[in-house]
Each structure stands twice: as C-alpha cells, then as structure tokens.
Amino acid sequence: MGSITANPFQDIPAGRTESLEALITQFRADTDPKRTDLLVGVYKTDEGKAYVLPSVKEAKNRIFNDPDWHHEYRPSSLGSQIYRDLSAKLLFGPDHRLLREKRLISTQTLGASGGCHVGAVFLKQHYGPWKANGNAEIFLPVETWLNHPFVFQSAGIKTSFLPYLSTKTNTFDFARFTDAIKSLPAQSVVLLQSGAQNPTGCDPSPDQWRELASIFSQRGHLAFFDAAYPGFASGDIDTDLAGVRLFAEEEIPLVFVSTYGKSFGLYSERVGFLSVLVPSEEVGKRVEAHLKLLARAESGAPPDFGSKIIETVLSDDILEPQWRLELREMANQLKRRRIALREELEKLETPGNWQHITDQNGMFSYVGLSVEQVTLLRNKYHVYLQDSGRISIAGLNRFNIDYTARSISAVVKATTSQ
C-alpha cells in the first residue's frame with residue numbers, strides 16, 4: 001500500500017492574482033489625495049458615491065414591512081416562477097410569441113457570471129455539434145470582458161478570438177468581425193454582448209445587427225448572448241435588447257444571459273437570468289430538467305432577496321416605470337460625463353481625435369492609450385485604469401473629470417513628443 005501524502009495539494013502551482021484585482025489593491029493602498037479610480041464598472045453618483053435606486057429602496061421597504069416575508073428556500077432550484085416570467089417578459093418583450101409557445105426555458109443564476117458558467121456547462125454537455133466533433137470551442141471578441149475566457153475555460157471549453165475593435169479609430173470593426181464569423185465552421189458558438197459592450201463601449205448598429213443575424217442564420221451558428229448592461233447604451237432597455245430579440249424572432253439558436261446587477265444597482269446580490277431557445281415545448285421540458293440539475297450543482301437553491309426586489313419592482317405599476325426612468329437617467333448621466341471628458345481633452349489640445357469617447361456607449365470607453373501611457377497615468381498622476389486602456393466612465397464625477405482629462409492630456413503630450 002502506498003503512503004498517504006502529507007499535503008494532498010502540494011503539487012498545485014502557485015496561483016496568480018488577476019490583474020484587475022491587483023490594480024484595485026494598488027489603488028486602495030495609494031494615499032495620494034488625487035488618486036482616481038476608473039477601474040470597476042459600478043455606477044457612482046456625480047459626487048462619487050454609491051447609488052441606490054429610489055425604486056429599489058421602496059421595494060426593500062415593502063419587503064421588510066411584509067409580515068409574511070421569510071428566508072426559506074425558493075420553491076424551485078430554477079428560482080420562482082414569478083421572477084422567471086417577469087424577467088422573460090422584460091428582456092424578450094411582454095408578448096413575444098416564443099414565450100407563448102413555451103420555447104424560452106429559463107433559470108435564475110448567480111449574476112451574469114453564474115449564468116455564463118451554467119450556459120457553458122449546459123452546452124458542453126448537450127450541444128450536438130460539439131458532441132459530434134468532440135471539440136467544445138467558443139469564439140469571443142478579442143476585446144471582451146476579462147472574465148469571459150476564464151469562465152468558459154473553467155468549464156473545459158476552448159476559447160478562440162475574433163477581431164472586434166479598430167485600434168486606429170477605436171470603433172467597432174464590423175467588416176473584419178463579420179468576415180471572421182463567416183469563415184468559422186458551421187454551427188460554431190459565438191459570444192456577443194447585447195449593448196454597452198464591455199470593455200470597448202462599441203456596439204453594432206441596428207442595420208449591423210440585422211446583417212449579423214443573417215450571417216448566423218446562414219451558417220447555423222449559436223449566439224451566446226451576455227446582456228450585462230441592458231439600458232446603459234441608449235437609456236432604454238427595449239432599444240438595447242433589440243438585437244437579442246431579432247435573433248430570437250429569427251429562431252437563431254441562442255443562449256441568453258443577463259443580470260440585474262447594473263440596471264438595478266444590485267451588484268453584490270448576484271441576481272442573474274439565463275434563457276435557452278428550444279425548438280419545441282417538448283424539448284423545452286427536457287432542457288428544463290437538465291437546467292434544474294445544473295442549478296442544484298451550482299448553488300443548491302437560488303438566493304432570494306435580490307430576486308424578490310426584482311419581482312416587487314417589475315410587478316408594480318408605479319415602481320416599474322419609475323425604475324425605467326431611473327435607468328434612463330443613469331445612462332444619460334454617463335453620456336454627460338463622456339461629453340465633459342471629451343470637451344476638456346479637446347480644450348487642452350490633446351494630440352489625437354477624441355470623438356470616439358462620445359460615440360461609444362455605456363459604462364466603459366477604450367480611449368486609445370498605450371500600456372506605457374496607462375502606466376505613466378498610474379505612477380505619476382495616480383489615475384487608475386486597466387492596461388488595455390479601458391476607462392470606467394461610471395467612475396468619473398464632477399470632482400475628478402477635469403483632473404483626469406489634464407492627466408491624460410499630459411501623458412499623451414509627453415509620450416508623443418518623444
């Protein structure tokens with residue numbers, strides 16, 4: 001009989017700290033009074049404070065004052081039927097025929113990250129083309145949320161990348177992106193973001209969504225949608241999800257993931273949603289059974305508090321339109337911050353064209369800075385952003401926009417004059 005290893009984990013290699021987490025730690029240790037956090041996509045007020053939506057405050061008050069509210073398990077591992085029905089109607093439209101036909105099968109998830117993971121595992125186990133060729137592979141834009149590759153790789157899925165951004169203009173390179181998708185093997189799986197794309201802020205136009213849908217339909221591709229920021233591109237959740245709804249209406253195979261973390265400001269509550277388009281109600285019953293098994297494996301039972309807030313707001317004739325107005329105001333506030341940043345950069349005669357800052361949408365902007373410039377911003381001016389040059393527009397406020405613009409301008413002038 002072999003000896004028992006004293007430390008069964010001794011062969012695990014040293015881990016690495018994710019770059020964003022390391023930068024956040026560095027920012028928190030920085031004592032400079034002008035330090036500026038443009039790292040994390042969390043909406044802040046124009047005073048730089050955490051923002052709790054008034055509609056969410058009211059929903060919480062109602063829940064706390066409900067004598068029948070409790071902390072027992074939800075009746076299903078998929079989440080409450082009320083939550084799933086309200087979410088599906090909000091995200092796909094209140095009278096979508098696929099909902100009437102019971103062909104959009106859904107489950108509550110632990111935010112969009114949890115939704116991506118459940119969707120990844122589901123596809124790994126059940127997506128026919130992957131099983132037929134023995135190759136589970138998903139295609140992602142080169143510029144995508146930094147956690148996307150990790151989520152899919154952790155599920156045993158190969159990640160490959162597609163060109164997305166033009167680094168010359170800091171705009172969506174639609175021609176290269178569509179050419180790449182056309183060249184993929186039939187029935188490939190491609191990840192798309194529905195709007196306010198993280199990290200670039202560059203989205204397809206309505207005409208481009210229609211062309212993408214046509215390509216997906218012709219090639220038989222499956223669209224894996226991540227809708228983390230619905231409403232933050234245009235200010236209107238229906239407008240931002242028009243591309244998703246088009247794909248669904250065209251019956252393009254899709255897995256759809258969304259979260260209420262951003263649109264309701266429920267970041268730490270991890271309130272997510274996943275939906276799978278199925279060819280028939282009978283197939284949907286089988287898919288739902290497998291999603292129940294995955295949900296049990298993921299969390300045992302879904303958390304209740306955040307989803308109860310969503311139910312309270314979306315089912316109320318006063319709170320639901322109030323929430324929509326609050327979401328629109330957050331989006332408009334981000335647009336105003338973009339305008340202020342661009343105008344100040346141009347006022348300072350910063351080398352380059354800065355129009356892309358206002359052309360992009362949502363919480364993030366690829367401003368077009370090099371790693372050298374980003375490093376100089378952090379080390380000399382204490383302005384923190386990711387090495388990619390992604391700025392969180394949500395981190396700008398009336399106290400730091402001018403300083404951020406002056407710092408960027410100084411860095412660009414210093415590095416372009418060498």
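This report looks at strand 7 and its neighbours, then at some salt bridges, in a predicted model.

**Strand 7 and its partners**

Strand 7 spans residues 189–193, and five of its five residues are buried. V189, L191 and Q193 point one way, while V190 and L192 point the other way. That split fits a simple rule: side chains in a regular strand alternate between the two faces of the sheet. Here, the residues on both sides are buried.

Which strands pair with strand 7? Strand 3 (residues 137–141) does so in the parallel sense, over two bridges, with I138 standing opposite V189. Strand 8 (residues 222–227) also pairs with strand 7 in the parallel sense, over five bridges; there, F225 is the bridge partner of L192. To get from strand 7 to strand 8, the chain goes through helix 9 (residues 206–219), making a right-handed β-α-β crossover.

**Salt bridges**

Side chains of opposite charge can pair when their charged atoms come close. Across the whole structure, a search turns up 22 salt bridges. Here are some of them:

| Pair | N to O distance |
|---|---|
| D95 and R100 | 3.2 Å |
| D173 and R176 | 3.9 Å |
| E320 and R324 | 2.6 Å |

How do these residues sit with respect to the surface? D95 is exposed because its relative accessibility is 55%, and R100 is exposed too, at 52%. D173 is buried at 17%, whereas R176 is partly exposed at 46%. E320 is buried at 18%, and R324 counts as partly exposed at 24%. E320 and R324 are four residues apart in helix 14 (residues 319–347), about one turn of the helix.

There's also a salt-bridge network, linking R97, E101, R103, E249 and E251.

Key. Residues numbered from 1 in each chain as written. Predicted model: local features only at pLDDT ≥ 70, side-chain atom pairs only at ≥ 80, totals over all residues. Heavy atoms only, no water. Buried < 20%, exposed > 50% of the residue type's maximum accessible area, 1.4 Å probe, protein only. Pairing = 2+ DSSP bridges. Right-handed = clockwise from strand over helix to strand, strands pointing away. Salt bridge = Lys/Arg side-chain N within 4 Å of Asp/Glu carboxyl O.
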